[in-house]
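Okay, my turn. Let me put the structure up and then talk through its pockets and its charged pairs.

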Amino acid sequence: MNPLAQQSEPATLLSLRREWPGLAAPDLDDLVGDLEASFVAPLRRVAPAGLGLIGLPRWFGKRFHREGDHLAGMNLLRSEDEDALAETLPMTARVEPSLLDGRPAVAVSYAPDAPVPWRWVRDEIRLRPDGSYLGMTLVQRPVLRMLGGTPFLLRSAASRG
């Protein structure tokens with residue numbers, strides 16, 4: 001068999017949106033630690049620049065720790081020289097029905113007094129078959145809510161090779 005035929009196709013924005021309904025919520029404990037984010041085309045260049053404009057320049061990903069029945073966490077930013085990670089923008093996470101399809105997902109929310117637009121943002125996370133996580137960013141504002149989720153991928157930073 002052709003070895004290239006065995007490789008899965010690279011994820012795209014559309015394929016991730018289609019994948020979402022078939023995925024399950026991860027166990028909260030599986031998200032504890034540092035998670036490195038990545039984007040798929042066409043968001044690879046656009047999303048990092050956009051995040052920089054709204055307060056997350058050089059966004060690396062998320063860091064979670066357990067607090068009772070939920071997770072507490074921070075977003076992580078790379079330092080200018082990329083040697084260190086800085087914490088910013090606190091968040092909480094718990095399993096809740098997805099705003100996209102009503103099925104369980106880990107819902108990540110920001111404080112009501114977080115800077116704009118973060119107070120309106122909800123990230124939802126589900127587990128992919130390869131062990132990575134699919135995140136969907138939702139902006140809970142009229143019109144923006146109708147656009148559906150913007151996908152991003154998370155992988156344990158400990159699994160970096």
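**Salt bridges and pockets**

Let's start with Arg-126, which counts as buried at 0% relative accessibility. Keep in mind that this is a predicted model. So what does Arg-126 form a salt bridge with? The partner is Asp-101, and the closest N and O atoms are 2.8 Å apart. That links distant parts of the chain: Arg-126 sits in strand S6, Asp-101 is in the loop between strands S4 and S5, and they are 25 residues apart. Asp-101, for its part, is partly exposed, at 31% relative accessible area.

Staying with strand S6, there's another pair to look at. Lys-62 and Asp-123 meet through their side chains in a salt bridge, 3.0 Å from N to O. Here Lys-62 belongs to strand S2 and Asp-123 to strand S6, with their positions 61 residues apart, so to speak, as a link between distant parts of the chain. Are these two buried or exposed? Lys-62 counts as buried at 1% relative accessibility, and Asp-123 counts as buried too, at 3%.

Strand S2 comes up again with Arg-66, whose side chain meets that of Asp-29 in a salt bridge of 2.9 Å, N to O. Arg-66 lies in S2 and Asp-29 in the loop between helix H2 and strand S1, so this pair ties together parts that are 37 residues apart in sequence. Both ends are partly exposed: Arg-66 has a relative accessible area of 36%, and Asp-29 has 42%.

The count for the whole model comes to 12 salt bridges. There's also a network of them, linking Glu-19, Arg-128, Asp-130 and Arg-155.

Okay, on to the pockets. The largest one has a volume of about 460 Å³. It is lined by 26 residues, and the closest to its centre are Leu-51, Ile-54, Trp-118, Thr-137 and Thr-150. Which element gives the most to that lining? Helix H3 does, with five residues. Strands S2, S6, S7 and S8 each supply at least two. By class, the lining has 18 nonpolar residues, five polar and three charged.

The second largest pocket holds about 190 Å³ of space. Helix H3 appears here as well: H3 and strand S1 each supply at least two lining residues. The lining includes Arg-44, Arg-58, Arg-78 and Glu-82, along with residues such as Phe-39 and Trp-59. Its classes come out as four nonpolar, one polar and four charged.

That's the tour, so over to you for questions.

Notes:
Residues numbered from 1 in each chain as written. Predicted model: local features only at pLDDT ≥ 70, side-chain atom pairs only at ≥ 80, totals over all residues. Heavy atoms only, no water. 1 Å grid on protein atoms, 1.4 Å probe; cavity = no way out; pocket = protein on both sides within 12 Å on 5 of 7 lines; lining within 4 Å. Points joined across faces, edges and corners; volume = space filled by probe spheres on them. Helix = DSSP H or I, 4+ residues; strand = E, 2+ residues; numbered from the N terminus. Nonpolar A, V, L, I, M, F, W, Y, C, P; charged D, E, K, R; others polar. Salt bridge = Lys/Arg side-chain N within 4 Å of Asp/Glu carboxyl O. Buried < 20%, exposed > 50% of the residue type's maximum accessible area, 1.4 Å probe, protein only.
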